[in-house]
Amino acid sequence: MTRILVTGTAGFIGFHLARLLLAEGFRVHGYDGMTDYYDVALKRRRHAMLLQDGNFSATEGMLEDQALFDRVADDFAPEIIVHLAAQAGVRYSVENPRAYLDANIIGSFTVMEAARRLRVGHLMMASTSSVYGANETMPFREADKADSQLTIYAATKKANESMGHAWAHVHGVPITMFRFFTVYGPWGRPDLALFRFVEAILDGRPIDIYNHGEMWRDFTYVEDLVRAIRFLIDAVPGGPETAVEGDSLSPVAPFRIVNIGNSEKVRLLDFIEAIEHSLGRRAIRNYMPMQVGDVPATWADAGLLQRLTGYRPQTDVREGIARFVAWYRDWSGK
Ligand SMILES: NC(=O)c1ccc[n+]([C@@H]2O[C@H](COP(=O)([O-])OP(=O)(O)OC[C@H]3O[C@@H](n4cnc5c(N)ncnc54)[C@H](O)[C@@H]3O)[C@@H](O)[C@H]2O)c1
């Protein structure tokens, strides 16, 4: 049974990934610090569900606690590490930049160091579409230059990509970095738009619509996203001779960056209409200017993912919203 250490399993994406890996017969050890960035009860519920599977075990701990992380990694002896734990959130990073340096720079280094020491066969780490920052050429491609991050969140993720490249070069650890595009779905994050909008509409509160609704996002359904990660586990970056067409594979290291997105940009106002349709209620709209650090649009070219795995996310946003709403009503009792 292949052993995978996954960080951030009490989080939104880590929970879904662990569930899929367990269903596919992997042994999974989760590592999560249960930070109070949002409702810890939701994180505990996710972990409790995973713990019902005998092939899942978990440690509650911070990434910055290197002694603990090393002990856990040594005991479990993973063949693969998927590093998803992070201080996430674009907007929060404007007020709390230091939290991002601790979790995302120091924390990711702890994970990279363990991966090197244990000689894991594949280290996979989460980056974000936010690293494309001020880029205007769309859809975004991995091989495009991306040097204009707009927030400290994005800057720490870009730093992770650079650190990963150096690590792969110096130590030969095969590393894949994922650039995720606006992930949504059941068991989602309370700080993200879909959750906040649904909650506010059901409570009869207004929703804030930034840039007067002139925003576009490539919304990616969480189950599609974790399936893409599952396929990428087997697409281990090797030497330049293993490159596929349009690859981001480094010429000097077993390292590549892969977008995981739906390859469809959806207008925020259409997204809100789909939520209204699903809830059978109208939103009270509070139009606002653009927020600092935000970008007007994201849109993934997911061609590299498809060439590497034969897979491409395709859940329609209306379908994904309906599944979220069904989950939310059940979970909240509203
Ligand atoms: N959800 C998205 O739309 C999205 C988009 C782009 C990138 N990402 C990236 O994907 C990854 C997972 O995101 P998510 O949406 O599941 O977020 P999440 O906040 O739900 O999950 C992250 C988990 O990491 C844990 N954590 C945070 N800091 C920690 C630390 N210092 N030590 C130990 N544990 C810590 C938290 O307790 C949480 O359970 C993150 O790296 C995030 O930056 C997410």
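The crossing of helices α7 and α9 is right-handed in this structure, which is a predicted model. Helix α7 spans residues 193-203 and helix α9 spans residues 268-279, and their axes come within 11 Å of each other while crossing at roughly 50 degrees, which makes α7 oblique to α9. On the α7 side the contact is made by Leu-194, Phe-197, Val-198, Ile-201 and Leu-202, and on the α9 side by Leu-268, Phe-271, Ile-272, Ile-275 and Leu-279. Sorted by class, this contact has 10 nonpolar residues, with no polar and no charged ones.

A second helix pair is formed by α5 (residues 97-117) and α6 (residues 152-171), whose axes lie 10 Å apart and pack at an angle of about 15 degrees; because angles under 35 degrees count as roughly parallel, α5 and α6 are roughly parallel to each other. Their crossing is right-handed. Among the residues that meet here are Tyr-100, Asn-104 and Glu-113 in α5, and Tyr-153, Lys-157 and Trp-167 in α6. By class, the contact of α5 with α6 has 11 nonpolar, 6 polar and 3 charged residues.

The ligand is surrounded by 30 residues, of which the closest are Ile-13, Asp-32, Tyr-38, Tyr-153 and Lys-157. Tyr-153 and Lys-157 also take part in the contact of α6 with α5. Individual distances to the ligand are set out below.

| Residue and atom | Ligand atom | Distance |
|---|---|---|
| Asp-32, polar side-chain atom | oxygen | 2.7 Å |
| Gly-33, backbone N or O atom | nitrogen | 3.0 Å |
| Tyr-38, polar side-chain atom | oxygen | 2.5 Å |

Terms used:
Residues are numbered from 1 along each chain as its sequence is written. This is a predicted model: local features need pLDDT of at least 70, side-chain atom pairs count only at pLDDT 80 or more; totals for chains, interfaces and linings use all residues. Side-chain values use heavy atoms; hydrogens and water are left out. Axes are lines fitted to C-alpha atoms, for helices over the stretch in contact, and angles run from 0 to 180 degrees between N-to-C directions. Helices (H or I, at least four residues) and strands (E, at least two) are DSSP runs, numbered from the N terminus. Angles under 35 degrees count as roughly parallel, over 145 as roughly antiparallel, 65 to 115 as roughly perpendicular and the rest as oblique. A crossing is left-handed if the near helix is turned anticlockwise from the far one by less than a right angle, and right-handed if clockwise. Contact means heavy atoms within 4.5 Å. Ala, Val, Leu, Ile, Met, Phe, Trp, Tyr, Cys and Pro count as nonpolar, Asp, Glu, Lys and Arg as charged, and the others, Gly among them, as polar. A residue is near a molecule or strand if one of its heavy atoms lies within 4 Å of it. A polar contact is a pair of N or O atoms within 3.5 Å; within protein, one must be able to donate a hydrogen and the other to accept it, and residues adjacent in sequence count only if both atoms are side-chain atoms.
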